[in-house]
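User: I would like to go through the labels attached to this structure and see what each of them rests on. Please set the values against the cut-offs as you answer.

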Amino acid sequence: MKLSVCLCSILCCALLGFAAEDTPEARREAAKVYLKVMPLDKTLEQVSASVLAQLPAQARAEAKETLAAINPAPLEAIIMDAMIQTFTLDEINAMRAFYASPEGRSILKKMPQFTNAYMPKMMEEVQRIVLASMAKKQQPAAPAAKPAVTK
């Protein structure tokens, strides 16, 4: 019995020793794997489709051409650097595991539908607030009340 407990302890310590250390290099490797699970070009396609759906018909052709000109390679480097600076190794691995899961994949597929469901209403609300704020700033200030004269 003592031998099995001892062997188990040694095995656990050895496994913990092999756990990846949270270094920038380890994060970079994990981010590379994440970006294989979440390819930026596919994400850009989804975002572009959502953006185009929100635009008036006459603006779509030009916007589609502009969006098609986006090169994902430099953007991927920017994302990777931001991931390395922001997230721990465990967090990057957890994001990868989530988006590789059936639930994560399902959520990703539904994101354009989700975005299209709320974005028009949200944009209307933001526009209403901005226009109200601009109108308020354009109104002339009310003249200051004159102090009452006392005798």
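Analyst: The exchange below takes up salt bridges, accessibility, helix packing and the nonpolar core in turn, for what is a predicted model.

User: How do you know that R27 and D22 form a salt bridge?

Analyst: The criterion asks for a side-chain nitrogen of Lys or Arg within 4 Å of a carboxyl oxygen of Asp or Glu. The side chains of R27 and D22 have an N to O distance of 2.6 Å, so the pair is called a salt bridge. The structure holds 4 salt bridges.

User: What makes R27 buried or exposed, and what about D22?

Analyst: Buried means under 20% relative accessible area, and exposed means over 50%. R27 has a relative accessibility of 17% and therefore counts as buried, whereas D22, with a relative accessible area of 37%, is partly exposed.

User: Why is the contact of D81 with R28 called a salt bridge, and which parts does the pair tie together?

Analyst: The N to O distance between the side chains of D81 and R28 is 3.2 Å, and because the cut-off is 4 Å, the name applies. D81 lies in helix 5 (residues 72-86) and R28 in helix 2 (residues 24-37), so the pair ties together parts that are 53 residues apart in sequence. D81 is partly exposed at 35% relative accessible area, and R28 counts as partly exposed at 33%.

User: How do you know that R128 and E125 are separated by about one helical turn?

Analyst: R128 and E125 are 3 residues apart in helix 7 (residues 102-138), which means a separation of about one helical turn. Their side chains meet in a salt bridge with an N to O distance of 2.6 Å. As for accessibility, R128 counts as partly exposed at 48%, and E125 counts as partly exposed at 37%.

User: Why is helix 6 called roughly perpendicular to helix 7?

Analyst: The axes of helix 6 (residues 89-100) and helix 7 come within 4 Å and cross at roughly 75°. Angles of 65 to 115 degrees count as roughly perpendicular, so helix 6 is described as roughly perpendicular to helix 7.

User: Which residues meet where helix 6 contacts helix 7, and how many are nonpolar?

Analyst: From helix 6, F98, Y99 and A100 take part, and they meet P102, G104, R105, I107 and L108 in helix 7. By class, this contact has 6 nonpolar, 1 polar and 1 charged residues.

User: What makes L44 partly exposed, and which residues does L44 touch?

Analyst: Since buried requires a value under 20%, L44 in helix 3 (residues 40-54) is not buried at 22% relative accessibility and therefore counts as partly exposed. Not counting residues up to four places away in sequence, L44 touches I70, P72 and L75. L44 and N71, 27 residues apart in sequence, are 9.8 Å apart in space from C-alpha to C-alpha.

User: Which residues touch the most other members of the largest nonpolar core, and which helix gives the most to this core?

Analyst: The largest nonpolar core has 13 residues, of which Y34, M38, M80, M83 and I92 touch the most other members. Helix 2, helix 5 and helix 6 are the elements that give two or more residues to this core, and helix 2 gives the most, with 6 residues. Leaving aside its neighbours within four places in sequence, M80 is in contact with R28, A31, K32 and L35.

Technical notes: Residues numbered from 1 in each chain as written. Predicted model: local features only at pLDDT ≥ 70, side-chain atom pairs only at ≥ 80, totals over all residues. Heavy atoms only, no water. Buried < 20%, exposed > 50% of the residue type's maximum accessible area, 1.4 Å probe, protein only. Axes fitted to C-alpha atoms, helices over the stretch in contact; angles between N-to-C directions. Parallel < 35°, antiparallel > 145°, perpendicular 65-115°, else oblique. Contact = heavy atoms within 4.5 Å. Nonpolar A, V, L, I, M, F, W, Y, C, P; charged D, E, K, R; others polar. Core = buried A, V, L, I, M, F, W, Y, C linked by side-chain atoms within 4.5 Å.
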